[in-house]
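The exercises below are to be worked through with the sequence and the model side by side. Each task is followed by a solution that proceeds step by step.

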Amino acid sequence: LVGQNGSGKTTLIKLLTRLYAPDRGRILLDGTDLREWDEATLLQRIGVIFQDFARYQMRVGENVGVGDVGHFEDEARWRDASDKGMASDFIDSLPAGFHTQLGKWFNDGRELSGGQWQKIALARAFMRSRADILVLDEPTAAMDAQAEATIFEHFR
Ligand SMILES: Nc1ncnc2c1ncn2[C@@H]1O[C@H](COP(=O)(O)OP(=O)(O)OP(=O)(O)O)[C@@H](O)[C@H]1O
Ligand SMILES: [Mg+2]
């Protein structure tokens, strides 16, 4: 979906993920109005990365794991999701890998580059392994050209 700044792309995503309710009209999924879906069931079907994604003051693996709180501590799932988000290579180069503390709230917390944070946020979206709808709002805006090309190739 392509459009000028402020044309409503992010707003549409918030409607599709039921964070906003439409004033008029309706959005159907498998023939049923989004408003009639059980919210937990609906959210399990959707993986999403927002343009203004969160940077949690937690360990790397937890930053990924929070994408599916039922598997928050599942290290195998962290790895799988990070492979899909193209984040594994740089995570492996961190001093404690997935156990590296991130953020400046902590004395030993590491700061990451903008693109590295975005790779973690993308991996988080892939934690919803049962999701059959993946919504990516400018998921590579902060990434280098090579990472961007790889992610879109993989995504297709
Ligand atoms: N939380 C909000 N409350 C009120 N208005 C908002 C809010 N978020 C966005 N808007 C307005 O809604 C319109 C659409 O914004 P939106 O963020 O959906 O655009 P976008 O197409 O995603 O733009 P961009 O390319 O800059 O990401 C804009 O005019 C914006 O000012
Ligand atoms: Mg936007």
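**Exercise 1.** Which backbone nitrogen does the side chain of glutamine 118 reach?

*Solution.* Bear in mind throughout that this is a predicted model. Begin by placing the residue: glutamine 118 belongs to helix 6, which spans residues 114–125. Next, consider its accessibility, which is 2% in relative terms, so glutamine 118 counts as buried, the limit being under 20%. Then follow the side chain to its partners: it reaches the backbone nitrogen of alanine 142 at 2.7 Å, and the backbone oxygen of glutamate 138 at 3.1 Å.

**Exercise 2.** Determine where threonine 140 is found, and decide whether it is buried or exposed.

*Solution.* Threonine 140 sits in the loop that runs between strand 4 (133–136) and helix 7 (145–155). Its relative accessible area is 4%, and threonine 140 is therefore buried. As a last step, relate it to leucine 122, which is 18 residues away along the chain: the C-alpha atoms of the two residues are separated by 8.7 Å.

**Exercise 3.** Describe the surroundings of ligand 1, starting from the residues of its shell and ending with its polar contacts.

*Solution.* The shell around ligand 1 includes the residues Gln4, Asn5, Gly6, Ser7, Gly8, Lys9, Thr10 and Thr11, together with Tyr20, Gln51 and Glu138. Sorted by character, these residues divide into 1 nonpolar, 8 polar and 2 charged. Turning to individual contacts, an oxygen atom of ligand 1 lies 2.7 Å from a side-chain N or O atom of lysine 9, an oxygen atom of the ligand is 2.9 Å from a polar backbone atom of glycine 6, and a polar side-chain atom of asparagine 5 is found 3.0 Å from a ligand oxygen. On its own, ligand 1 has 640 Å² of accessible area, of which the protein covers 48%.

**Exercise 4.** Examine the salt bridge between arginine 45 and aspartate 132, and explain which parts of the chain this pair ties together.

*Solution.* Side chains of opposite charge can pair when their charged atoms come close. Here the side chains of arginine 45 and aspartate 132 meet with an N to O distance of 2.8 Å. Arginine 45 lies in the loop between helix 2 (39–44) and strand 3 (46–49), whereas aspartate 132 lies in the loop between helix 6 and strand 4, so the salt bridge ties together parts that are 87 residues apart in sequence. The two partners can then be described by accessibility: arginine 45 is buried, with a relative accessible area of 17%, while aspartate 132 is exposed at 53%. Finally, both belong to a network of salt bridges that links Asp30, Arg45 and Asp132.

**Exercise 5.** Locate the salt bridge that aspartate 92 forms with arginine 79, and state how accessible each partner is.

*Solution.* The structure holds 9 salt bridges, and in the one between aspartate 92 and arginine 79 the closest N and O atoms are 3.0 Å apart. Aspartate 92 lies in helix 5 (residues 88–92) and arginine 79 in helix 4, and the pair, 13 residues apart, links distant parts of the chain. Aspartate 92 has a relative accessibility of 46% and counts as partly exposed; arginine 79, at 32%, also counts as partly exposed.

**Exercise 6.** Which residues form a nonpolar patch on the surface?

*Solution.* The patch is formed by Leu1, Leu12 and Leu16, which together have about 300 Å² of accessible area. Of these, leucine 12 lies in helix 1 (residues 9–16), and at 34% relative accessibility leucine 12 counts as partly exposed.

Key
Residues numbered from 1 in each chain as written. Chains lettered and ligands numbered in written order. Predicted model: local features only at pLDDT ≥ 70, side-chain atom pairs only at ≥ 80, totals over all residues. Heavy atoms only, no water. Near = heavy atom within 4 Å. Polar contact = N/O pair within 3.5 Å; in protein donor to acceptor, adjacent residues only side chain to side chain. Areas by Shrake-Rupley, 256 points an atom, 1.4 Å probe, with all protein chains shown as cover. Nonpolar A, V, L, I, M, F, W, Y, C, P; charged D, E, K, R; others polar. Patch = residues over 30% accessible without salt bridge, like charges linked within 9 Å, V, L, I, M, F, W, Y side chains within 5 Å. Salt bridge = Lys/Arg side-chain N within 4 Å of Asp/Glu carboxyl O. Helix = DSSP H or I, 4+ residues; strand = E, 2+ residues; numbered from the N terminus. Buried < 20%, exposed > 50% of the residue type's maximum accessible area, 1.4 Å probe, protein only.
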